[in-house]
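Visitor: I would like a close look at a single part of this model, and then at what lies around it. Please go slowly and explain each term as it comes up.

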Amino acid sequence: MIAIQYLEPSPGIQTLTKAEVTARLRAAFDRLPIDIVIIGWDLPPALVAACAHETQRANAQLYLWQPLLTGSNAVQPRTAWRASGLTDEPVSGHHNFPEFTFLCPNRPAVQAAVMEQLRQAVRHGPYQGVFLDRLRYPSPLAQPDRDLACFCADCRRAATFDLLEVQRQVRTLLATPDRLCAALRLLFKQDADLPAELVGLQQFLDFRTQSITRSVAVAAQIARKEKLAVGLDCFSPSLTRAVGQDLNALDAHCDWIKIMTYGHAFGPAGLPYELSNLARWLIECRGCNEAATVNEVAQVAHLPLPPTLSEWRARGLSAEALSHEVRLAQAAGVKTLLAGIELVDLEGVTCLTEAQISADLRALRAAQPAGLALSWDLWRMPLDRLDLVRTIWNGASMLQSK
Ligand SMILES: [Zn+2]
């Protein structure tokens, strides 16, 4: 099973013609047996129609790519709706982009606005499925003592424990050097046997995943009502808990889950980006040296990581680390799992090579997920990388079926 993401909204995308959009999609179908085409939100109707026509011609399924808990054209991320951090400030989005500014799922006004937007988007569309993205809290890893969220009044009402008290406890934990690592470890993994001082933090992290799952369940129901299949865009398993995603619980509400096993992307959700943000914060707030901190982050995240931050940026994670991520999602009980791979070069974000992509594809393939999701965007993807996918991914499956 191969899915491909196409036409993420940007000023450039709005100026494309139907002919251009069709030609690109046809070139992709000519190279690769694609099962699912996932097209962006807020697209001009003519481009949606062109994609629908071409996808149907290739006997594939068309999904709407829909952000759930971030701002968009239809839902402005007003300050009062944003997730509220540990310091009671609304958490800013990545570069303040509305599409990376996260809204609190426990705010009734947010729920009403995002679900109504989804209802409008899927109604009467030419889609067979919806691909829900941005179903999470803002990542706290760049500055946990500020960005861990949400502690708003509606979350206080929704929580079955004293959230205000937990907020005080977590502030203290993150400011206490010999408690910091134990607290950070909980952002990556649940622990059954905890000292009393960490119980509140774990309760809070469980509450966050329940809040996200509840929102996704409502969104999935809206899609089902329109007889649409549901796919979810989730963080790579090592990072899911930090952003409030529980793969096992989410799996009950969808047909498949894509995990963002981006081992080389230096942008939101990219493994080296998120983890190096945490390493930098640790170095800054404690003044520790880089080697010790990198080792510490590898330990709290349970991941084999290169020994220096410059290597994380230059080479990213190893192919083995990516197959480890796929196995984590399988162990979490995801029934139909798509491994996401970044195939687009973006200055300052990715620097990909054919050898690295090939190694990653082989390692992902070896872990045997149900399929592959090609990210982010076919529009910017060098087409010879689709040939590489066909050779390694589909070539291997043809051999296997013989
Ligand atoms: Zn909240």
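Which residues are buried in H6?

Guide: Two remarks on the source come before the answer. Residues are numbered from 1 along each chain as its sequence is written. This is a predicted model, in which local features need pLDDT of at least 70 and side-chain atom pairs count only at pLDDT 80 or more, while totals for chains, interfaces and linings use all residues.

Now to the helix. In H6, the buried residues are Leu163, Val166, Gln167, Val170, Leu173 and Leu174. A residue is called buried if 20 or more other C-beta atoms lie within 10 Å of its own, exposed if 12 or fewer, and partly exposed in between, with C-beta atoms placed from the backbone. Names such as H6 come from DSSP runs: helices (H or I, at least four residues) and strands (E, at least two) are numbered from the N terminus.

The buried residues of H6 are on the same side of the helix, because they cover an arc of only 125° around the axis. The arc is that of the directions from the helix axis to the C-beta atoms. On the other side of H6, the exposed residues are Leu164, Glu165, Thr172 and Ala175.

The length of H6 can be checked too. The helix runs over residues 163–175, and its 13 residues at 1.5 Å a residue should span 18 Å; the end C-alpha atoms are 18 Å apart, so the two values agree. The expected span is 1.5 Å times one less than the number of residues.

What covers the buried residues of H6 includes helix H4 (144–147), helix H5 (153–158), helix H7 (177–188) and H8. Contact here means that the C-beta atoms of two residues, placed from the backbone, lie within 7 Å.

Two of these neighbours, H4 and H5, have a loop between them, and Cys150 is found there. The peptide bond from Ala149 to Cys150 is cis, with omega near 15°. The loop between strand E4 (129–133) and H4 holds Arg134. Arg134 is not a glycine, yet its phi is positive, about 55°. Arg134 counts as buried because it has 21 C-beta neighbours inside 10 Å.

H8 leads further. The largest nonpolar core has 128 residues, and among them Val37 and Ile39 touch the most other members. Helix H8 (residues 196–225) gives the most to this core, with eight residues. A nonpolar core is a set of buried Ala, Val, Leu, Ile, Met, Phe, Trp, Tyr and Cys residues joined through C-beta atoms within 7 Å. In soluble globular proteins, nonpolar side chains tend to be buried together. Leaving out residues up to four places away in sequence, Ile39 touches Tyr6, Leu7, Val48, Cys51, Leu62, Leu64 and Trp65.

After H8 comes a loop that runs to strand E5 (229–235), and Lys227 is in it. Lys227 has a positive phi, near 60°, and is a residue other than glycine. Lys227 is exposed, because 10 other C-beta atoms lie within 10 Å.

H8 also helps to cover a second helix: what covers the buried residues of H3 includes strand E3 (61–67), E4 and H8. The buried residues in H3 are Val110, Val114, Leu118, Ala121 and Val122. They fall within an arc of 85° seen down the axis of H3, so they line one face of the helix. Pro108, Ala112 and Gln120, on the other side of H3, are exposed. H3 covers residues 108–122; its 15 residues at 1.5 Å each should span 21 Å, and its end C-alpha atoms are 21 Å apart, which agrees. His124 follows H3 and has a positive phi, near 60°.

A strand gives a contrast in layout. Strand E1 (residues 2–6) has five of its five residues buried, so it is largely enclosed by the rest of the structure. From E1, Ile2, Ile4 and Tyr6 point one way, and Ala3 and Gln5 point the other way. In a regular strand the side chains alternate between the two faces of the sheet. E1 pairs in the parallel sense with strand E2 (residues 36–39) over four bridges, and with strand E8 (residues 371–375) over three bridges. Two strands pair if DSSP finds at least two bridges between them. Ala3 stands opposite Ile36 in E2, and Ile4 stands opposite Leu374 in E8.
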